[in-house]
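Me: Could you take a close look at one part of this model for me, the salt bridges, and then connect it to the rest of the fold? I would enjoy a walk-through that goes from the charged pairs to the interior.

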Amino acid sequence: MSEPSKLLITGASGFIGNELFKQLSKNGFQVNGTARQFYGDSIVAMPLDTKDWSPVLDGVETVIHCAALAHVPQSDNGEFVSQVREYNVVAPQRLAKQAKEKGVKRFIFLSSVKALGESTLPGSSYKSTSEYSPEDLYGESKRDAELTLKKELSGSATELVIIRPPLVYGPGVKGNFKALMGLAKKNVPLPFGAVKNKRSLVSLENLVSLIITCVKHPQPLNESFLVSDDHDVSTKELFETLTRAYGKKPKLWPCPVGLMRLGGTILGKKAIADRLFGNLQLDITHTKKTLNWEPPVSFQQAIQTCVNHELNSSNKPDNQ
């Protein structure tokens with residue numbers, strides 16, 4: 001019986017990396033990981049500014065680079081911009097170069113749809129071949145990382161697979177999505193009844209499924225893939241689904257979208273208004289066809305799982 005394939009996951013203690021680590025281990029792979037600090041026997045402390053990755057690359061067939069400096073605010077501070085570039089561009093290039101030298105067969109880079117842009121026009125969507133048009137510092141860093149990795153691994157025996165997810169949600173999610181869940185849980189009356197935008201999201205389970213599919217794929221892969229739940233939702237549908245997952249009846253009333261956008265701009269919250277009322281759609285036809293893959297979990301199922309986890313966590317004694 002052959003030895004199980006050996007994999008390396010960077011950012012293995014993070015929201016995506018930790019779940020990926022668990023699922024790949026269940027799938028019979030020999031998985032090692034890195035994180036900013038010690039996180040267990042199989043996850044060693046190797047921050048993104050590590051210069052020598054060789055101790056964790058011996059015998060590795062596939063590297064999955066999840067680690068990044070995320071939630072990056074827009075800034076013109078030179079020192080901060082340099083740090084973002086060091087962590088999100090230089091670090092993956094350094095790792096890819098050393099992986100190539102160590103004979104790694106496949107390098108999977110977790111990028112972001114933000115490398116392509118922040119929004120799509122009504123009726124249109126990003127495709128795997130869409131041109132780069134990032135609008136913020138984080139998106140620029142992901143674009144630059146993709147371009148740098150393509151150059152670094154071009155013509156080598158190490159395949160480069162780029163995955164660009166939109167907003168990722170799932171058990172333990174934080175940030176803006178957790179805030180939306182809080183509003184839905186309280187069932188606060190909200191003026192989203194007339195919002196008919198379309199946005200692509202991806203559940204953690206579906207994203208991990210796609211990454212594992214890329215790990216297992218038997219044919220050579222040098223591709224860029226978009227990923228989503230394949231069910232684009234309006235802000236109205238998102239809040240309705242979240243609220244019903246909490247067992248409550250949604251309280252959404254209609255308000256002119258233009259008026260809400262204007263209010264968001266006046267209050268200095270234009271970016272938030274754009275996300276609540278604008279479109280961001282991904283066409284994953286290429287992903288499904290190339291990899292013979294379909295999202296295994298429906299949007300409704302994934303939302304319910306996310307809510308159930310939050311309810312169970314909040315009912316534990318330590319959180320009361």
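Reply: Happy to. Let's begin with Lys-270, which forms a salt bridge with Asp-274, with 2.9 Å between the closest N and O atoms. Please keep in mind that this is a predicted model. Both residues belong to helix H8 (residues 270–277), and they sit 4 residues apart, about one turn of the helix. Lys-270 has a relative accessible area of 46%, so it is partly exposed. Asp-274, at 28%, is partly exposed as well. Elsewhere, Arg-85, Arg-143 and Asp-144 are joined into one network by salt bridges that share partners.

The structure holds 16 salt bridges, and two others are worth a visit. In helix H2, Lys-97 and Glu-101 are again 4 residues apart, about one turn of the helix. Their side chains meet at 2.7 Å, N to O. Here the two partners fall into separate classes: Lys-97 is partly exposed, because its relative accessible area is 39%, whereas Glu-101 reaches 56% and therefore counts as exposed. The other pair is Glu-118 with Lys-114, whose side chains meet at 2.9 Å, N to O. Lys-114 is partly exposed, with a relative accessible area of 24%.

From H2 we can step to helix H3 (residues 137–153), since H2 (78–101) is among the elements that cover the buried residues of H3, along with E5 and E6. Those buried residues include Leu-137, Tyr-138, Ala-145, Leu-149 and Leu-153, and also the charged Lys-142, Glu-146 and Glu-152. The length of H3 makes a nice check: its 17 residues should span 24 Å at 1.5 Å a residue, and its end C-alpha atoms are 24 Å apart, so the two agree. After H3 comes Gly-155, with a positive phi near 80°.

E5 and E6 lead us on to the interior. The largest nonpolar core has 39 residues, and Ile-9, Leu-20, Leu-24, Ile-64, Ile-163, Leu-207 and Ile-211 have the most contacts inside it. Among the elements giving two or more residues to this core are strand E5 (106–110), strand E6 (159–164), helix H1 (15–26) and helix H5 (204–216). H5 gives the most, with 8 residues. Ile-163 shows how these parts come together: leaving aside residues up to four places away in sequence, its contacts include Ile-108, Phe-109 and Leu-110, as well as Leu-207, Leu-210, Ile-211 and Cys-214. A second, separate core of 27 residues includes Tyr-169, Ala-245, Ile-303 and Val-307.

Back at the surface, Leu-259, Leu-262, Ile-266 and Leu-267 form a nonpolar patch, together offering about 470 Å² of accessible area. Leu-262 lies in helix H7 (residues 257–266).

Two loop residues round off the tour. Asn-187, in the loop between helix H4 (175–186) and strand E8 (201–203), has a positive phi near 55° although it is not a glycine. Asn-292, in the loop between helix H9 (285–291) and helix H10 (299–314), also has a positive phi, near 50°. Their surroundings contrast: Asn-187 has a relative accessible area of 10%, so it is buried, while Asn-292 is exposed because its value is 73%.

How values were computed:
Residues numbered from 1 in each chain as written. Predicted model: local features only at pLDDT ≥ 70, side-chain atom pairs only at ≥ 80, totals over all residues. Heavy atoms only, no water. Core = buried A, V, L, I, M, F, W, Y, C linked by side-chain atoms within 4.5 Å. Buried < 20%, exposed > 50% of the residue type's maximum accessible area, 1.4 Å probe, protein only. Contact = heavy atoms within 4.5 Å. Patch = residues over 30% accessible without salt bridge, like charges linked within 9 Å, V, L, I, M, F, W, Y side chains within 5 Å. Areas by Shrake-Rupley, 256 points an atom, 1.4 Å probe, with all protein chains shown as cover. Salt bridge = Lys/Arg side-chain N within 4 Å of Asp/Glu carboxyl O. Expected span 1.5 Å × (residues − 1).
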